[in-house]
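Please open the model in your viewer and keep the selection panel at hand. The tour below goes from one selection to the next and says what is found at each stop.

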Amino acid sequence: MEHRIQNLSTWLKEQDIQLGFITSTENVFYLTNFHCNPHERLLACLVFPNDEPILVCPQMEVGHVQNAGWKYDVIGFNDSQDPWAMIQETLAKRNITVNRMAIEKEHLLVGRYERLVQLFPGVQFLAAEEKLHDLRLIKDSEEIRRMQVAAEAADMACQIIVDRIAEGKTEMDLIAEMEYEMKKKGISKTSFSTLILTGANSALPHGNPGTNPIKKGDFVLMDLGFIVDGYCSDITRTVMFGQPNEQQREIYETVLKGQLAAIEVSKPGEVLGNVDRAARQIITDAGYGEYFVHRIGHGLGIGIHDYPSVNDSNTGIIKTGMSYTIEPGIYVPNVGGVRIEDDIVITETGAMTLTKFPKELIIL
């Protein structure tokens, strides 16, 4: 935790920025190891080039802050107090003058921006996002360990679903049964709303699960993930309920071939865009290019959609310690959709796959 604060402090010093005002729950967690949902209340980590940081949070969370290992000052406020006035008073006591401030421009609400303008007249605002993306891009061994545990939870959930697929059950039935079983195992926090899509509904990449009954001849697409110790997993598997027809089998095998090719390309020194192109070329050559309608993947870590975006226009270079998903898909209206997704971490020799649930076509 201390080295993350120090890395940001060093950057502030290099850029002649007197204050980093970090407000997103994900980046506050990255810097402090403290996570909470503040709802409408202010949550912020104040980082300085030459002073110790300050965490601002609701008073009810101060005990959790201490349990998270935070060793620095905390401004805890109750619902009748003004945290902005408390920030102003604290900085005045430290004799800190702010002329340039780094904020998360993509996150900070307009009302809070206006309060900062009032507190610091004439301040110049700069974006902190790019630096924070860079800091979070490379995962250390503890982050990878947490992601592995989260991936194991995702694998377990896939098996629970496969074991319970039966004719007449609905998408929501399977979601409810899986989440109930996972909660009994002590794993309750999902990375996002679980998707189980069957039949024609599976042809919608981000369809809405409902009361569609599973029928023989349907694809069953499951997209799910869990958060363990602050880190996300994200897996998609597609299984077949009943025997597939020739087109369904072709679609599945094409997606799998593309996914394996993209994993193979994922190695240090490679261009990120080539990961997308590796799978997209295979899918296009098979005649399904128009039905692959999204990027190959996205960064993964504290956030379910972390940096980088793994698309064909990304000219960034893959580095050891990066983590992202690989999830090609084919979605044919009135036929169904197939997506196969794994979480990977880049090692010195290539991609280490964290999600282990089988990818060969499962026919139930």
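Begin with residues 342-347 and 350-353, which are strand 17 and strand 18 of this predicted model; the two strands run antiparallel and are joined by four bridges. They form a hairpin with two residues between them, and if you pick out T347 you will find that its bridge partner in strand 18 is G350.

Next, select residues 4-138, the span that UniProt lists, in an unreviewed entry, as "domain: Creatinase N-terminal". The C-alpha atoms at the two ends of this span lie 12 Å apart, and the span is 41% helix and 19% strand.

Now display the open sheet of six strands, whose order is 4-3-2-1-5-6 and whose pairing is mixed. Strand 4 (73-77) and strand 6 (124-127) stand at the edges, and because each has a single partner strand, one side of each is left without a neighbour in the sheet. On average, neighbouring strands of this sheet are turned by 20° against each other, direction ignored. At one edge, strand 5 (residues 100-103) runs parallel to strand 6 and is joined to that strand by four bridges, with A102 having L126 as its bridge partner in strand 6. Add helix 1, which packs on the sheet and touches strand 1 (19-22), strand 2, strand 5 and strand 6, its direction making about 55° with that of strand 2.

With helix 1 (2-14) still shown, turn to the largest nonpolar core, which has 36 residues and to which helix 1 gives two or more residues, as do other elements including strand 2 (44-47), strand 3 (54-58) and helix 7 (141-164). The residues with the most contacts inside this core are L8, L31, F34, C45 and L55. Centre the view on L8 and, leaving aside its neighbours within four places in sequence, look for its contacts with I22, L31, V47, K131, L132 and L135. Another core, of 31 residues, lies apart from the largest one; to locate this second core, select M240, L256, V310 and I318, which are among its members.

As a last stop, select Y113, which is found in helix 5 (residues 110-119). Is Y113 buried, partly exposed or exposed? Its relative accessible area is 37%, so Y113 counts as partly exposed. Not counting residues up to four places away in sequence, Y113 touches I103, L108 and F125. To end, draw a distance from Y113 to E290, 177 residues apart along the chain, and the C-alpha atoms will be found 42 Å apart.

Terms used: Residues numbered from 1 in each chain as written. Predicted model: local features only at pLDDT ≥ 70, side-chain atom pairs only at ≥ 80, totals over all residues. Heavy atoms only, no water. UniProt positions renumbered as here; feature names shortened; annotations may be inferred. Pairing = 2+ DSSP bridges. Core = buried A, V, L, I, M, F, W, Y, C linked by side-chain atoms within 4.5 Å. Buried < 20%, exposed > 50% of the residue type's maximum accessible area, 1.4 Å probe, protein only. Contact = heavy atoms within 4.5 Å. Axes fitted to C-alpha atoms, helices over the stretch in contact; angles between N-to-C directions.
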